[in-house]
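Here is a colleague's note to read alongside the structure. Please keep the view open and find each element in turn as it is named.

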Amino acid sequence: MPEKKPGKLTMEKLVSLCQRRGFIFPSSDIYGGLSGCWDYGPVGIELKRNVKEAWWRSIVQERDDMVGMDTSILMNSKVWEASGHVTNFKDPLVECKECHLRWKADDLKENKCPSCGGALTEERMFNTMFKTFIGPVEEDAAVVYLRPETAQGMFVNFQNVVSTSRKRIPFGIAQQGRSFRNEITTGNFIFRSREFELMEFEYFIKPGTDAKWFDYWVEERLNWYLKLGIKKENLKPYEHPKEKLAHYARSCTDITYNYPHGWSELEGIANRTDFDLKQHAAASGKSMEYFDDENKEHYIPYIVEPSLGVDRAILAFLCDAYEEEPDKDEIRVVFRFHPDIAPIKVAVLPLSRKENLAAFAKDVYKTLRPCFTTHYDDTQSIGRRYRRQDELGTPYCVTIDFQSLEDNMATIRERDSMKQIRVPVAALKDTLLAKLAGEDLFVLPEGGQIWKE
Ligand code: ATP
């Protein structure tokens, strides 16, 4: 029999595993899907919540200079006129004269259709904001847009936040939320969708200090990924050349990630200067000035904005954590997620479904469930259940066997090393909490033992 060898991650493998294990499904799957739209399943939603929570904790909760917001998706259309989106949020579109597929001209290496080789039409600009109507009448005056970014909601609330939060510059406003872009071409799984979630913040600073804060945030944001286990060699900052900057930016650095489809933008960090606040001041007639009471001066603040797609972050965490390794004659597939990101923290696995054992295991499950996202699994052999939990990226499995009924102990199996310890059931919760916080497996609670490998 040919020996099975661990392989490299491909997007096909990832899409199929994500679907099989309940991470991510195509939207409206039974109707053939909807291009650029995805549904997060029972496991995927836990992963997504953890990624968003880790970001919120580091950006808002653990800082004194940041507040959060949740602004509406639909906004007054004047916002998008003032911001420049109605005029500038456009991509160059070309269409194949043969097969009529449409492409974003920027993405093409040659001047022919990547699908059939046919000739292409001239470029025309295509606004990628989704339009809809507010109220029952579909007329021009009722046009509203689905926001393509959450940033504008924070700019237009600048004075509301200054006057209610008592924050002084430098400070930031952070937000997470749905955004929509009618992308000409979508693809690479959840990398480019038409509906996605953003996590972004606007950091308001004194003009002249922008270069310093820009560098600070590039560094901070890189460190966030490293702290959550992303491999250093898979992250690279990319500085945009001046002539390619967006209409609002003075400088922009992308944090790029080495995805299976190549190095691509994961997060964009832009020095937006005072462009946005000035635009909104001019269009609304409302002052966007800030009064610096220490130096007794008025100014319109500059803004540094780190903007990250939740789904692109999830894709990076999935790709980075994925590993195949030889395991006897088989291949073990495992997601080595950082414990903070792992969708399920603990799985309780009774060795058999026998009544007394099941009752004991269910009790253990009930004591752990309030503290961690916990799975209970009593189907199939224990080996297969471990493999399933490896594919879900569960850091610890708790196994209950017949001896547990006598000595009131349970086995903890660590995902990454597959090593095991045995600890008193009364110490399980605290032991798991300590391990999830990074403690070595072999630091044992009182009465604990190192178990067989
Ligand atoms: P790209 O060049 O890939 O189109 P962009 O430069 O237009 O991206 P920004 O406007 O800087 O992207 O958006 C900020 C972040 O939003 C990106 O770094 C990315 O993480 C995320 N993002 C943007 N467009 C999409 C999309 N269509 N699907 C998923 N995430 C997206």
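The points below go from the whole chain to its sheets, then to one residue, the ligand and the last part of the chain.

1. Please keep in mind throughout that this is a predicted model. The secondary structure of the chain amounts to 13 helices and 24 strands, and its C-alpha atoms fill a box of roughly 75 × 65 × 45 Å along the principal axes. Of the 453 residues, 34% count as buried. Among contacts between residues at least 6 apart in sequence, 63% join residues at least 24 apart.

2. One open sheet is built from seven strands in the order S3-S9-S10-S16-S13-S12-S11, with mixed pairing. Its edges are taken by strand S3 (66–69) and strand S11 (235–239), and because each has a single partner strand, one side of each is left without a neighbour in the sheet. On average, and with direction ignored, neighbouring strands of this sheet are turned by 25 degrees against each other.

3. Within that sheet, strand S9 (residues 171–180) and S10 pair in the antiparallel sense, and 10 bridges join them. A useful place to look is alanine 174, which stands opposite phenylalanine 201 in S10. As a general point, side chains in a regular strand alternate between the two faces of the sheet.

4. Is glutamate 200 buried or exposed? Glutamate 200 belongs to strand S10 (residues 195–205), and it counts as buried because 24 C-beta neighbours lie inside 10 Å, where 20 or more are required. When neighbours within four places in sequence are left aside, its contacts are Thr150, Ala151, Gln175, Glu305, Pro306, Ser307 and Leu308. Phenylalanine 158, by comparison, is 42 residues from glutamate 200 in sequence and 15 Å from it in space, C-alpha to C-alpha.

5. Which residues come nearest to the ligand? Of the 15 residues around it, these are Phe196, Gly268, Ser307, Gly309 and Arg312. Two or more residues of this shell are given by each of S10, strand S13 (262–273), strand S16 (302–309) and helix H9 (310–321), and the largest share, four residues, comes from S13. Sorted by class, the shell has four nonpolar, four polar and seven charged residues.

6. Strand S17 (residues 322–327) and strand S18 (residues 330–335) run antiparallel and are joined by six bridges. They form a hairpin with two residues between them, and in the turn lysine 328 has a positive phi of about 55 degrees. Glutamate 324 has valine 333 in S18 as its bridge partner.

7. Another open sheet, also of mixed pairing, has six strands in the order S20-S19-S21-S22-S23-S24. Strand S20 (374–376) and strand S24 (449–450) are its edge strands, each pairing on one side only. Inside this sheet, strand S22 (residues 409–414) and strand S23 (residues 420–424) pair in the antiparallel sense over five bridges, and arginine 413 stands opposite glutamine 420 in S23.

8. Finally, please look at the helices that lie across this six-stranded sheet. Helix H10 (residues 355–368) lies across strand S19 (346–350), S20, strand S21 (396–400) and S22, and runs at about 170 degrees to S19. Helix H13 (residues 428–436) lies across S19, S21, S22 and S23, and runs at about 160 degrees to S21.

Key
Residues are numbered from 1 along each chain as its sequence is written. This is a predicted model: local features need pLDDT of at least 70, side-chain atom pairs count only at pLDDT 80 or more; totals for chains, interfaces and linings use all residues. Two strands pair if DSSP finds at least two bridges between them. Two residues are in contact if their C-beta atoms, placed from the backbone, lie within 7 Å. Axes are lines fitted to C-alpha atoms, for helices over the stretch in contact, and angles run from 0 to 180 degrees between N-to-C directions. A residue is buried if 20 or more other C-beta atoms lie within 10 Å of its own, exposed if 12 or fewer, and partly exposed in between; C-beta atoms are placed from the backbone. A residue is near a molecule or strand if its C-beta atom, placed from the backbone, lies within 6 Å of it. Ala, Val, Leu, Ile, Met, Phe, Trp, Tyr, Cys and Pro count as nonpolar, Asp, Glu, Lys and Arg as charged, and the others, Gly among them, as polar.
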